[in-house]
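Subject: Structure for you to look at

Dear colleague,

I am handing over the structure we talked about, and my notes on it follow below. Please read them with the coordinates open beside you.

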Amino acid sequence: MAKFAIVESELSKVRICLRCKARNKAGSIKCRKCGYHVLRPKRKSKRVKK
Ligand SMILES: [Zn+2]
């Protein structure tokens, strides 16, 4: 379980650019790749199957 916690915390640090889907570090304001300023955090919660 500890490993999962670490992985989740690592994933939650990642922010995804909505334009080019590039990964950016948490706290980054702009995408490092295209400069787009709208980033979303990567999902923390586990996938839920429909
Ligand atoms: Zn981008």
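Helices and strands here are DSSP runs, of at least four residues for a helix and at least two for a strand, and they are numbered from the N terminus. In those terms the elements of the chain follow one another as α-β-β-β from the N terminus on, with one helix and three strands in the chain.

Please bear in mind that this is a predicted model. The chain averages a pLDDT of 82, and 70% of the residues score at least 70. Confidence is lowest in helix α1, residues 2–13, where the mean is 68, and highest in β2, where it is 93. Where pLDDT is low, the predicted coordinates should not be read in detail.

On the sheet: the three strands form an open sheet in the order β2-β1-β3, and the pairing is antiparallel. Its edge strands are β2 (23–24) and β3 (39–41), each of which pairs on one side only. Strand β1, residues 15–17, is joined to β3 by three bridges, the two strands running antiparallel, and in β3 the bridge partner of Cys17 is Leu39.

For the chain as a whole, 8% of the 50 residues count as buried. Among contacts between residues at least 6 apart in sequence, 26% join residues that are at least 24 apart.

Cys17 deserves a closer look. This residue has its place in strand β1, and it counts as buried because 21 C-beta neighbours lie inside 10 Å, where the cut-off is 20 or more. If neighbours within four places in sequence are left aside, Cys17 is in contact with Ala22, Asn24, Cys31, Lys33, Cys34, Tyr36 and Leu39. The C-alpha atoms of Cys17 and Arg32, which are 15 residues apart in sequence, are 9.0 Å apart in space.

Lys30 is found in the loop between β2 and β3, and its C-alpha atom is separated by 8.2 Å from that of Cys17, 13 residues away along the chain. Is Lys30 buried, exposed or partly exposed? Lys30 is partly exposed, because 13 other C-beta atoms lie within 10 Å of its own, and that count falls between the limit of 12 or fewer for an exposed residue and that of 20 or more for a buried one. Apart from neighbours within four places in sequence, the contacts of Lys30 are with Gly35, Tyr36 and His37.

Lys21, finally, lies in the loop between β1 and β2. This residue is exposed, since 10 other C-beta atoms lie within 10 Å and the cut-off is 12 or fewer. The phi of Lys21 is near 65°, a positive value in a residue other than glycine. Most residues other than glycine have a negative phi. From C-alpha to C-alpha, Lys21 and Leu39 are 8.9 Å apart in space, while 18 residues apart in sequence.

With best wishes

Note on methods. Residues numbered from 1 in each chain as written. Predicted model: local features only at pLDDT ≥ 70, side-chain atom pairs only at ≥ 80, totals over all residues. Contact = placed C-beta atoms within 7 Å. Pairing = 2+ DSSP bridges. pLDDT = per-residue confidence, 0-100.
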